[in-house]
Amino acid sequence: MNPVIKLQKLTKYYGEQRGVLDLDMEVMPGGVFGYLGPNGAGKTTTIRLLLDLIRPTGGSASVLCLNAQADSLEIRRRIGYLPADPALYDSLTGKQFLLHVASLKGGVPWSKIQRLADRLECDLSRNIRTLSHGNRQKVAVIRAFMHEPELLILDEPTSGLDPLIQQEFELMVKEVKADGRTVFLSSHILKEVEDLCDRVAIIRDGRLVAVEDVAAFKARSIRSLELRFGHPVPQNAFQAVDGVRNVVVNGAVLKCEVVGSLNRFIKTAAQHEVVDITVHEPSLEEIFLAFYREEDADASA
Amino acid sequence: MLLRNLFLKSLLDHRRGLGWWIMGIILLCAVMTSFYPSISTNEAIQDYVDAFDPDLLALFGFSEMTDITSGAGYLSAEMFSLMIPLLLIIFAISLGASAIAGEEDKRTIEILLSEPVSRQRVLLQKYAFLLAASILLAAVVWISLAIGSPIVGMDVSMFNLAAAVISSSLLGIAFGSLAFTIGAITGNRGLSVGVSAGTAVATYVINTLASIVDILEPAKWLSPFFYHGGNSPILNGLDPLHVILLIAVIVVPAIASYFAYQRRDLRL
């Protein structure tokens, strides 16, 4: 199988300013590929390079086995793109806008557009100028999905969507995956990527930090926990458990970090009377730090 | 239906503005022609004009030869030396600057160019709309004056009237084309309006100074305003050389925009 997206030493500078550096990456067809990184890491830059909206300083990119620059028109015909914070034509209604982009795509049956609008509860009769951020986002989502493209490139897709609509959106992404089509989804929210994606690439400061399966990624993820017990607990009972670190016991309250599976830690904790348990999802920063620690460890070894 | 392609979408976007411009032009032509009888029957006016220093008159677009009491002279002095070209230039610059750079200012270009539409096609269809709208507005000038002038007894050749309108229209399109090109090269609408309008003012001043100061006389060839008014088309018809030069001033930036827009990063 050929990759649907292939980056080779892809580099972009905006003058002196760094965009992305030496990206090497392959996205295989089928499934949802997450592109995770904090704001300003270079996610949107990468995506704009794929769409030939900006040109690389070095290296190359191919999409659907086509050259991102030379064959851009053919690529754009076959993908669906949702920009981050999209600017739509304010003077048009949702319906006019979608009819316009449908004709630019060479025609999309109205029934398909209407069905998506119904699913997302999007009122297409209103002027785009009068729509809230979330409702504009819905129109942009419909635009990306309406022609059932082979590859969907979604840049921060859920920003502004309310939770119910977000669920419907996640369902739509899962349907695309079930169809055997591919989704490339950028996000700075770890949970979104964990929930939706099969594989994930992590980008930071314009460089690719890691590419791996979400399952493997989860296995290494760190959670910080806070437990309250019915009585004071001994600190060393927890320090001895595999994968548990930074244990701090203060009377009946225990704080610690657990790497990977929680299984052994929970079993240990269950020997005592657990009153309350709070799990903090690791922030992106913590995950990056974990990666860096590992890299440092590898380097010193 | 109006949304099938970018040309028609431009028409939809600009329908109101275009409507106002057309009404304004008709009104202006009606008012200016309706003043003519009070001038043609008043010989004192010509004496008054003749009493001015010719250099001063040149500043206001009167040439020494102009007989303001004749229909053609009146239209030349009041309409075609400055008023009509100025309006057509303003119209074309604002349209040209917003065509490409406007989409980048509003960031809608990211939507447009992530559709299967080539940059050339965007450029061509938007340029075609700039031409069509400018020509439409010029046609409104011609029709308004062609209808109005006989009513007030202006003796004007329809042929020369068309020549004056065509020449004004080409002048307007020249600056619109410049604005379009600066917009396509930089993606910056404000810069495009500023540079084009500045160029229009500067070349107008050059042409006027060239007609007053003998030593600057050859500088008139630097100014598209000379190609437009140098031959007074409403009195003498079109000068082929001037028309060719005007067309060159239109075409050269348009070609530059074609190449520049292909190469650069969009401003997103």
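Modeller: A salt bridge here means a side-chain nitrogen of Lys or Arg within 4 Å of a carboxyl oxygen of Asp or Glu. The structure is a predicted model.

Colleague: What makes A:Arg55 and A:Asp52 a salt bridge?

Modeller: Their closest N and O atoms are 2.7 Å apart. The cut-off is 4 Å, and 2.7 Å is within that limit, so the pair counts.

Colleague: Are A:Arg55 and A:Asp52 buried or exposed?

Modeller: Buried means under 20% relative accessible area. A:Arg55 has 14%, so A:Arg55 is buried. A:Asp52 has 6%, so A:Asp52 is buried as well.

Colleague: How do you know that A:Glu156 and A:Lys43 form a salt bridge?

Modeller: The N to O distance between their side chains is 3.5 Å, which is within the 4 Å allowed, so the term applies. A:Lys43 lies in helix H1 (residues 43–50) of chain A, and A:Glu156 in the loop between strand S7 (151–155) and helix H6 (163–178) of that chain, so the pair ties together parts that are 113 residues apart in sequence. Both A:Glu156 and A:Lys43 are buried.

Colleague: What is the N to O distance for A:Arg264 and A:Asp242?

Modeller: That distance is 3.1 Å, and the two side chains meet in a salt bridge. A:Arg264 is in helix H10 (residues 263–269) of chain A, while A:Asp242 is in the loop between helix H9 (236–239) and strand S12 (244–250), so parts 22 residues apart in sequence are tied together.

Colleague: Why is A:Arg264 called exposed, and why A:Asp242?

Modeller: Exposed means over 50%. A:Arg264 is at 51% relative accessibility and therefore counts as exposed. A:Asp242 has a relative accessible area of 56%, so the word fits A:Asp242 too. Elsewhere in chain A, salt bridges that share partners join A:Glu74, A:Arg77, A:Arg78 and A:Glu150 into one network.

Colleague: How many salt bridges are there over all chains?

Modeller: The count comes to 28.

Colleague: How many disulfides does a search of the whole structure find?

Modeller: It finds zero over all chains. A disulfide needs a pair of cysteine sulfur atoms within 2.5 Å, so no pair meets that limit. As for single cysteines, A:Cys256 has a relative accessible area of 4% and is buried. B:Cys29 is buried too, at 1%.

Colleague: Which residues form the negative surface patch in chain B?

Modeller: B:Glu43, B:Asp47, B:Asp50 and B:Asp67 form a negative patch. Asp and Glu count as negative, so the sign follows from the residue types. Patch residues need over 30% relative accessible area. B:Asp67 is at 35%, so B:Asp67 clears that cut-off, yet counts as partly exposed. B:Asp67 lies in the loop between helix H3 (54–59) and helix H4 (71–80) of chain B.

Colleague: Why is B:Trp21 called partly exposed?

Modeller: The term covers values between the 20% and 50% limits. B:Trp21 has 24%, so B:Trp21 falls there. Its place is in helix H1 (residues 6–40) of chain B.

Colleague: What is notable about the phi of A:Leu64?

Modeller: Most residues other than glycine have a negative phi. A:Leu64 has a positive phi of about 55° although it is not a glycine. A:Leu64 is in the loop between strand S4 (58–63) and strand S5 (66–67) of chain A, and is buried at 10%. A:Glu121 also has a positive phi, near 50°. A:Glu121 is in the loop between helix H4 (110–119) and helix H5 (133–145) of chain A. Its relative accessible area is 62%, so A:Glu121 is exposed.

Conventions
Residues are numbered from 1 along each chain as its sequence is written. Chains are lettered from A and ligands numbered from 1 in the order in which they are written. This is a predicted model: local features need pLDDT of at least 70, side-chain atom pairs count only at pLDDT 80 or more; totals for chains, interfaces and linings use all residues. Side-chain values use heavy atoms; hydrogens and water are left out. Buried means under 20% relative accessible area, exposed over 50%, partly exposed in between (1.4 Å probe, protein chains only). Patches are made of residues with over 30% relative accessible area and no salt bridge: like charges are joined within 9 Å, nonpolar side chains (Val, Leu, Ile, Met, Phe, Trp, Tyr) within 5 Å. Accessible areas come from the Shrake-Rupley method with a 1.4 Å probe; for residues, only the protein chains shown count as cover. The place of a charge is taken as NZ of Lys, CZ of Arg, CG of Asp or CD of Glu. Helices (H or I, at least four residues) and strands (E, at least two) are DSSP runs, numbered from the N terminus.
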